[in-house]
Amino acid sequence: MAPTRRFRNVVRIGPVQVGTALDHRGREKHTAACTAPRCGFSSDYDSRAAAELAARTHRCPVR
């Protein structure tokens with residue numbers, strides 16, 4: 001079982017939350033995840049700017 005990530009510097013951009021955490025190797029990763037019901041979008045990025053860009057351009061396929 002993988003340990004739970006501890007996110008810091010969490011920002012909400014529309015329905016998407018962007019947060020920073022350390023991965024299992026100790027590297028800093030930035031995650032963008034949509035909080036809309038049944039959307040399922042989430043992705044890890046190496047830079048904060050890339051995660052925020054994904055959050056700004058995300059369009060939920062579920063209506």
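1. Helices here are DSSP runs of H or I with at least four residues, and strands are runs of E with at least two, numbered from the N terminus. On that basis, the chain of this predicted model contains one helix and four strands. Their order along the sequence is β-β-β-β-α.

2. Concerning overall dimensions, the radius of gyration of the chain is 12 Å, close to the 11 Å expected from the globule rule for 63 residues, so the chain is as compact as a globular protein of that length. Along the principal axes, the C-alpha atoms occupy a box of roughly 35 × 30 × 15 Å.

3. With regard to burial and surface, 30% of the 63 residues count as buried. The exposed area of the chain is about 4600 Å², of which carbon and sulfur atoms contribute 52%.

4. Turning to contacts across the sequence, those between residues at least 6 apart were considered, and 24% of them link residues at least 24 apart.

5. On charge, the chain carries 12 positive and 5 negative charges, and the mean positions of these two sets lie 8 Å apart.

6. Thr-20 deserves a separate comment. This residue belongs to strand β2, which spans residues 16-22. Thr-20 is classed as buried because its relative accessible area, 4%, is under the 20% cut-off. Beyond its neighbours within four places in sequence, Thr-20 contacts Arg-6, Phe-7, Arg-8, Asn-9, Glu-28, Lys-29, His-30 and Arg-48.

7. Which side chains make polar contacts with the side chain of Thr-20? One is that of His-30, at 3.0 Å. Another is that of Arg-48, at 2.9 Å.

8. Arg-48 lies in helix α1, which covers residues 48-57. Is Arg-48 buried or exposed? Its relative accessible area is 16%, and the limit for burial is under 20%, so Arg-48 counts as buried. The polar contact of 2.9 Å with Thr-20 therefore joins two buried side-chain bearers, Arg-48 and Thr-20.

9. The wider surroundings of Arg-48, with residues up to four places away in sequence set aside, consist of Asn-9, Val-11, Val-18, Gly-19, Thr-20 and His-30. Asn-9 and His-30 also appear among the contacts of Thr-20. The pairing of Arg-48 with Thr-20 thus connects helix α1 to strand β2 through a side-chain polar contact.

Conventions:
Residues numbered from 1 in each chain as written. Predicted model: local features only at pLDDT ≥ 70, side-chain atom pairs only at ≥ 80, totals over all residues. Heavy atoms only, no water. Rg over C-alpha atoms; globule rule 2.2 N^0.38 Å. Buried < 20%, exposed > 50% of the residue type's maximum accessible area, 1.4 Å probe, protein only. Contact = heavy atoms within 4.5 Å. Areas by Shrake-Rupley, 256 points an atom, 1.4 Å probe, with all protein chains shown as cover. Lys, Arg positive; Asp, Glu negative; His and termini not counted. Charge placed at Lys NZ, Arg CZ, Asp CG, Glu CD. Polar contact = N/O pair within 3.5 Å; in protein donor to acceptor, adjacent residues only side chain to side chain.
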